[in-house]
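User: I would like to go through this model and ask, term by term, what justifies each label. Please set the values against the criteria as you answer.

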Amino acid sequence: MASTARPASPLEVRGGVAPLRAGQGYSFWLRRLHSLSGIVPIGAFLVEHFVSNAFATRGPAAYAKQVELLSSFPFVVGLELFGIWLPILYHALYGFYIWYRGDSNVAEYPWAGNWMYNAQRWTGAIAFFYMVWHTWHLRFTGIHLLSHPDAAFGKVQMEFQSPLAVAFYAVGILCASWHFAYGIWLFAAKWGITVGDNARRRFGYVCLAIGLLFVGVGAATMYSFLNAPIEPNGAMQMTMSNH
C-alpha cells in the first residue's frame, strides 16, 4: 500500500524534544513572558531596525535622515533601555537558562524537534552576542550618532572595511532572521493561535517566508553599504564640524 503521509513543512516539528514546555508555577509565567517578549517588544524592534537600515538602499542622505528621525524621539535613551535593552537581556538570559535545563539528544535521536530546538538555541546565542558587539561599536564607540546622524552611513561603512566584520554581520543577520521566524511559529503554537498539525504546517511556510524576507532585506542593506562610495567616517565628521 502506498504511503499517504504528507510532507512536513520546513518549520514543522515532529518527534524529539517538544519545543513547547508549559512549566509550572513561576516557570509557566516566566516562559510565557519569554515567549511574549520575543514578539513584543523585541520582534517589533527587529522589524523596525531592518526597515530603518533598509533606507541605506536609497543612499547616505536617506539613511542619515532616518537615523535623525529615530534619534529625535523624546526620552530616546529611556525608550532604548526599557523597550529594547532590558527586554533583550531578559529574553537572552532566560533563553540560556532554558537551554541549560533542556535535553536535545540530537546525536542519539536526530529528529526534527531536536534539530529545531538546537537551531533556535544556537541562533539565539549568536544573535545576542552579535547585537552586543553591534550596539557597542555603533552606539558607544567613536562619534555619537544621536548627535551626529549624518555620520551614520560612513560609520557603518568603516565597520565593513574589515572582512571579519562583514562576515559577522552576515552571520548575525542570518541567525536573527531564523530565530525570529521560528520564534513566531513557536509563539503561535504556544499561545493557541495555530491549533492542529495542519494549521501549524501551513503557518510554517509563512514563517519560512518571513525569515527569507529578513535575510533578503539584510543582504540588500549590506550590499548598499559595501557598494556605495566611502562616506566620511566619524573622526573625519568631527574634524570637519570643528572647522
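**Labels and their grounds**

Analyst: Helix H7 is a useful place to begin: H7 has 28 residues and spans 40 Å from its first C-alpha to its last, close to the 40 Å expected at 1.5 Å a residue. The model is a predicted one, and Gly192, which follows H7, has a positive phi near 75°.

User: How many helices and strands does the secondary structure of the chain come to?

Analyst: The chain has nine helices and zero strands, and its pattern along the sequence is accordingly written α-α-α-α-α-α-α-α-α.

User: What makes Cys175 and Cys207 count as buried or exposed?

Analyst: The label buried requires a relative accessible area under 20%. Cys175 has 8%, so Cys175 is buried, and Cys207, at 0%, is therefore buried as well. Across the chain, buried residues make up 41% of the 243 residues.

User: How many disulfides does a search of the whole structure find?

Analyst: The search finds zero disulfides. The label would need a pair of cysteine sulfur atoms within 2.5 Å.

User: Why is the contact between Glu80 and Arg139 called a salt bridge?

Analyst: The criterion is a side-chain nitrogen of Lys or Arg within 4 Å of a carboxyl oxygen of Asp or Glu. The side chains of Glu80 and Arg139 meet at 2.5 Å, N to O, so the pair satisfies the criterion. Glu80 lies in helix H4 and Arg139 in helix H5, so this salt bridge ties together parts that are 59 residues apart in sequence. Both Glu80 and Arg139 are buried, and the structure holds one salt bridge.

User: What is the volume of the largest pocket, and which residues are the closest to its centre?

Analyst: The largest pocket has about 1200 Å³ of space. Of the 45 residues that line the largest pocket, Phe45, His49, His134, Thr135 and Arg139 are the closest to its centre. The elements that give two or more residues to this lining are helices H2, H3, H4, H5, H6, H7 and H8, and H5 gives the most, with nine residues.

User: How do the residues in the lining of the largest pocket divide by class?

Analyst: The lining has 31 nonpolar, eleven polar and three charged residues. In this classification Gly is placed among the polar residues, a convention to keep in mind when reading the polar count.

User: What makes Phe75 stand out in its backbone, and is Phe75 buried or exposed?

Analyst: Phe75 has a positive phi of about 55° although Phe75 is not a glycine, and this residue is found in the loop between H3 and H4. The label exposed needs a relative accessible area over 50%; Phe75 has 74%, and so Phe75 is exposed.

User: Which kind of peptide bond joins Val40 and Pro41, and what is its omega?

Analyst: Val40 and Pro41 are joined by a cis peptide bond, with omega about 10°. Pro41 has its place in the loop between helix H1 (26-39) and H2.

User: How do you know whether Thr123 is buried or exposed?

Analyst: Thr123, in helix H5, has a relative accessible area of 11%, which is under 20%, and therefore Thr123 is buried. Thr123 and Gly172 are 49 residues apart in sequence, and their C-alpha atoms are 8.4 Å apart in space.

Notes: Residues numbered from 1 in each chain as written. Predicted model: local features only at pLDDT ≥ 70, side-chain atom pairs only at ≥ 80, totals over all residues. Heavy atoms only, no water. Buried < 20%, exposed > 50% of the residue type's maximum accessible area, 1.4 Å probe, protein only. 1 Å grid on protein atoms, 1.4 Å probe; cavity = no way out; pocket = protein on both sides within 12 Å on 5 of 7 lines; lining within 4 Å. Points joined across faces, edges and corners; volume = space filled by probe spheres on them. Helix = DSSP H or I, 4+ residues; strand = E, 2+ residues; numbered from the N terminus. Expected span 1.5 Å × (residues − 1).
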